[in-house]
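Colleague: Could you take me slowly through the way the helices pack against one another, explaining each term as it comes up?

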Amino acid sequence: MLLILLIGLYTSRVILNVLGVEDFGVYEVVGGLVSLFSILSSSLSSAISRFITFSLGKKDPEESAKVYSAAVTIQILMAVVICILVEILGVWYLYHKMNLPAGRIDAAYWVLQSSILIFLLGLINVPFDAEIVAHEDMKIYAYLSVLDAVLSLLIALSLRYFLADKLIVYAVLATLSCLLMRILYIFYCKRHYAECHFTMVRDRRLYKELGSFAGWLLLGEGSWILNQQGVTLLVNAFFGVTMNAARGIATRIYGLVNKFSANFMTALTPQITKTYAEGDLDSLHKLVFRGTKLSYYLMLLLAIPVLIEAPVILRIWLKIVPDHAIQFARLTVVSALIITLGTPLVKAQLATGDIKKYQIVVSAYSLSVFPLTWIAFKCGLPAEWSYHIFNIIYFIILFVRIHLIKDLIRLPWKEFVKDVYLRILVVTLVSCLLPLGLCRIQADSVWRLIEITILSTVSVCAAAYTIGLNKGEKKQVLEYTKRFLHRKAVPLA
């Protein structure tokens, strides 16, 4: 995670400097246009991941093989449908509606085609990615993730040596990198997992279950895509590509900061699904409690330095800092913290398979972000309001999720709020005291950034252990620490 974070930060800096603010904004807004169509695929992808993990949790190899083959069939068909839709609607929007700088329409067309190919390759790869995560084979998952980050860095560094249009070159090289990664995922799964051998599945029941599950997920996934990429298009329409560049920087910061908790949740999700499949609700509750706290504390380690030192970090990182990027960066980190608080609850909800009511209610709240943002922009409010509206709505959704899931998994919700959310609130406040105090007595500089990073790390770790964990969790942390130290003390043979 640390290696990918550092590589990702440097890669974004190189890309922004080589492409420039305008071309970087073009890449972000055109990529966002293609991502809008993932509403048709992301719900099915989540369904496939859940069904593969659930079948492994039941220890049913035959069912696992059927789910895999059905997933491959569905994803290929979905790829064909989406390719046709994006080529028709995406090209029309690009040439008739998108707000682009003069003379960049042809380059934007190639970015669109590249984004379509990358999207389709990712879509076809979903069953293989789900297999690796479901088998909890995190070592290979980590290796492939690092390789992907290194390839992105090499592409960024090589751009300055090309004489052709660098935006087009970047789009083509990113596509080739994505193709290589997809081949590696497929090769590994075919070689190591017995169920990853395609056969034609004619089980209508399985297709119906996958389709029904994906259909209800479509509401939630659709609202998320609309709130991310739809708002990106709104920003483009009201403020232009320069503001998209600032939003693109904030989005990359969100992705990099979110990796800390997202990778933790990637490892935790199969455990949640398998535990529910086994009917062990007590263990499921412990996973949700601890998963929420630990994923948030991991996020907080990076969030505090970014919130306090965003101007210095962006100056060091980018050299060229787009207008509004600092405000966007801080607000998107707040968004990441709020989303993290609800992620384990979402995973537990998906594990049950009973998602109809949940998706309808949560989507009704989340779908309000896009129209409220449009109204705010029409009233002349600045672009930062897109983040304010998002954060308020998703904070409300946290408590809606608790209300909806408490009966399904018999979650002790009062204990959850007290032991998780109240502890997290106190840990956050305590962790910020010393870094904020240092910020007030020193002028901004690289040395202050280093000091605040160290101080916030110590503060978060100390507060999380003393305040944020209960007795059982503290005992477990000590046992893991002793085991780790003992292992490190064993001399190499």
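**Helix packing**

Modeller: Helix α5 passes α6 in a right-handed crossing (the near helix is turned clockwise from the far one by less than a right angle; anticlockwise would be left-handed), where helices are DSSP runs of H or I with at least four residues, numbered from the N terminus. This is a predicted model, in which local features need pLDDT of at least 70 and side-chain atom pairs count only at pLDDT 80 or more, while totals for chains, interfaces and linings use all residues. Residues are numbered from 1 along each chain as its sequence is written, and side-chain values use heavy atoms, leaving out hydrogens and water.

The axes of α5 (residues 138–158) and α6 (residues 166–192) come within 10 Å and cross at roughly 160 degrees (axes are lines fitted to C-alpha atoms over the stretch in contact, and angles run from 0 to 180 degrees between N-to-C directions). The two are therefore roughly antiparallel, a word used for angles over 145 degrees. Among the residues making this contact (heavy atoms within 4.5 Å) are Y141, L144 and D148 of α5 and Y170, S177 and Y188 of α6. By class, the contact has 14 nonpolar, 2 polar and 1 charged residues (Ala, Val, Leu, Ile, Met, Phe, Trp, Tyr, Cys and Pro are nonpolar; Asp, Glu, Lys and Arg charged; the others, including Gly, polar).

Further along, α14 (residues 413–441) packs against α15 (residues 446–466) at about 155 degrees, with the axes 9 Å apart, which makes the pair roughly antiparallel. Here too the crossing is right-handed, and the contact includes V427, L434 and P435 of α14 and R448, E451 and L455 of α15. Its residues divide into 11 nonpolar, 3 polar and 2 charged.

Helix α15 also packs with α9, at an angle of about 170 degrees and with axes 9 Å apart, so α9 is roughly antiparallel to α15. Among the residues in contact are Y297, P305 and E309 of α9 and R448, T453 and C461 of α15, and the contact as a whole has 15 nonpolar, 3 polar and 2 charged residues.

E309 is also where α9 bends by about 90 degrees, with the proline P311 following within four residues (the bend is the angle between axes fitted to the seven residues ending at a residue and the seven starting there). Just after α9, K319 takes a positive phi of about 65 degrees.

Conventions: Angles under 35 degrees count as roughly parallel, over 145 as roughly antiparallel, 65 to 115 as roughly perpendicular and the rest as oblique.
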